[in-house]
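Biologist: Please show the model, and let us then discuss its ligand shell and its sheets.

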Amino acid sequence: MRVAIIGTGYVGLVSGACLAHKGHIVQCVDIDHRKIDMINSRRPPIHEAGLEDVLASVVPERLSATADLAAAVNGADLTMIAVGTPFNGSEIDLTYIEKAAWQIGEALATKDEYHVVVVKSTVVPGTTETVVLPILERASGKKAGIDFGVGMNPEFLKEGEAIADFMNPDRVVIGGIDDASIDRQAELYSPFPGVDIVRTTPSTAEMVKYTSNALLATLISFSNEIGNTSAALGVDAMEVMKGVHLDKRFSPILPDGQRVRPGMLSYLAPGCGFGGSCFPKDVKSIIAHGQRLGQPMRLLEAVASVNADQPSQMINMLEGRFRELRGLKVAVLGMAFKPGTDDVRESPAIAVTRTLIDKGVQVVGYDPIARSAAQAILPEVVEFEENLAAAVADADAILIMTAWAELRALPAMLADMDTPPVLIDGRRLIDKSAVRDYLAIGLPTTREFSP
Ligand code: UGA
């Protein structure tokens, strides 16, 4: 199938590259000529594991990038809208979606073949049918459901694992205003044999996306609250959650026949809070949307509030150890909102670093790949080190903010030091018995007996 994708951000480009890899002919459209040039020369403009290899395998034969939206739509059977939907404080900003819809509509005005326009961006329920569809009709002078189809196909990609998630999806949710709109989208996924496809309305598809992210965010805030309470009670939340997780409803059987191991507490391990470009924004957007509908979402309000406070647990542990923070040297390890990405948006590490600076702490930052992104938004006083050993040398305390695998080397590193710093683990990455002076989210400060 010939596909036009509007927007070459992380969702648009990963989707385009993977669809091309599966055999479709894809044109990616963007207004940014730097990105267009990079894509056409097989260089990914974003950091995403495996993307460079996929681009290398499809550019230029099956994927190319262009600024000419009308030509791309004209040459395609289906157009996907994958532009950004930034949160403006009270709701998502639909400016880019509306602009893309208008331009696609204008291109459809002179197109004879039946075409399907699909929203891929995350938009609050109702947007595709009440905002995008009317714009397409006005701009094209044509009728949706007759001259063209309209659909909503949310993405479920995790940053850092986006290529694998796209190639092996748990499910594909296809919303459409009619069977023709759904059928054409289903064709797009015909090279994904055996995948579960949910055929539904655009509004349901939009709600599936928000509900999925809201549920995962709820699990995290729930686990973080249990973590804080467990620590106050004097028990280790990690052990509590392992006991809970053995319930088969939480640890299903994997395709290889293995049960999900209790150590793999997906979204149930206590930590220093969720970040990124999705969970914080999506939770706030759906709360705001509920308010507009006269349907307050009290549980999600609590999820957001627990998450806003959670990074301060790291500061509390530090203050519990040192009477005065001013003048201390603290290594903040991991700036990205999670491992495997250079994305620092809404990262708990950024919030904690800012608080430390305000309290007069000398902060040494370290991140394997998110250093320049962090430096761009943090005050200049934050020093950054190139390697882990240099970052922790002479520190009074170490804060683990992101679960980078390389930080697992810390116990061995600390064992070699004469006066090792206290290690405060915000991600429960390190085995608590491996480090003598160890504090962590969800772990009581004094431990007497461990079986
Ligand atoms: C999330 C969802 O997991 C994807 O399914 C979804 O498609 C995507 O948002 C999106 O809407 O585009 P992502 O933001 O890449 O993906 O990251 P996650 O791996 O889910 O992690 C989000 C945040 O939760 C990170 O800050 C992570 O550190 C935190 N987290 C995750 C925890 O604090 N505890 C956990 O147990 C798991």
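The exchange below treats the ligand shell and then the two sheets.

Modeller: Residues are numbered from 1 along each chain as its sequence is written. This is a predicted model, in which local features need pLDDT of at least 70 and side-chain atom pairs count only at pLDDT 80 or more, while totals for chains, interfaces and linings use all residues.

Biologist: Which helix gives the most residues to the shell around the ligand?

Modeller: A residue is near a molecule or strand if its C-beta atom, placed from the backbone, lies within 6 Å of it. Of the 19 residues around the ligand, E159, F274, G276, C278 and K338 come nearest. Helices (H or I, at least four residues) and strands (E, at least two) are DSSP runs numbered from the N terminus. With 3 residues, the greatest contribution is that of helix α9 (residues 202-233).

Biologist: Why does the shell lie between two domains, and which are they?

Modeller: The domain bounds come from an automatic or database domain assignment. Both domains give residues to the shell around the ligand, so it lies between domain 1 (2-200) and domain 2 (225-440).

Biologist: Which strands stand at the edges of the sheet of 6 strands, whose pairing is parallel?

Modeller: Two strands pair if DSSP finds at least two bridges between them. The open sheet has the order β11-β10-β9-β12-β13-β14. Each edge strand has a single partner, so one side of each is left without a neighbour in the sheet; these strands are β11 (383-384) and β14 (438-440).

Biologist: In β11, which residue is the bridge partner of G365?

Modeller: Strand β10 (residues 362-366) pairs with β11 in the parallel sense over 2 bridges. The partner of G365 in β11 is F384.

Biologist: At about what angle does helix α13 run to β13?

Modeller: Contact requires C-beta atoms, placed from the backbone, within 7 Å. Axes are lines fitted to C-alpha atoms, for helices over the stretch in contact, and angles run from 0 to 180 degrees between N-to-C directions. Helix α13 (residues 312-321) lies across β12 (397-400), β13 (422-425) and β14, and its angle to β13 is about 155°.

Biologist: What is the average twist from one strand to the next in the open sheet of 8 strands?

Modeller: This sheet has mixed pairing and the order β3-β2-β1-β4-β5-β6-β7-β8. Its edge strands, β3 (63-66) and β8 (196-200), each pair on one side only. From one strand to the next, the twist averages 25°.

Biologist: In β7, which residue is the bridge partner of M152?

Modeller: Strands β6 (residues 148-152) and β7 (residues 171-176) run antiparallel and are joined by 2 bridges. The partner of M152 in β7 is G175.

Terms used: Contact = placed C-beta atoms within 7 Å.
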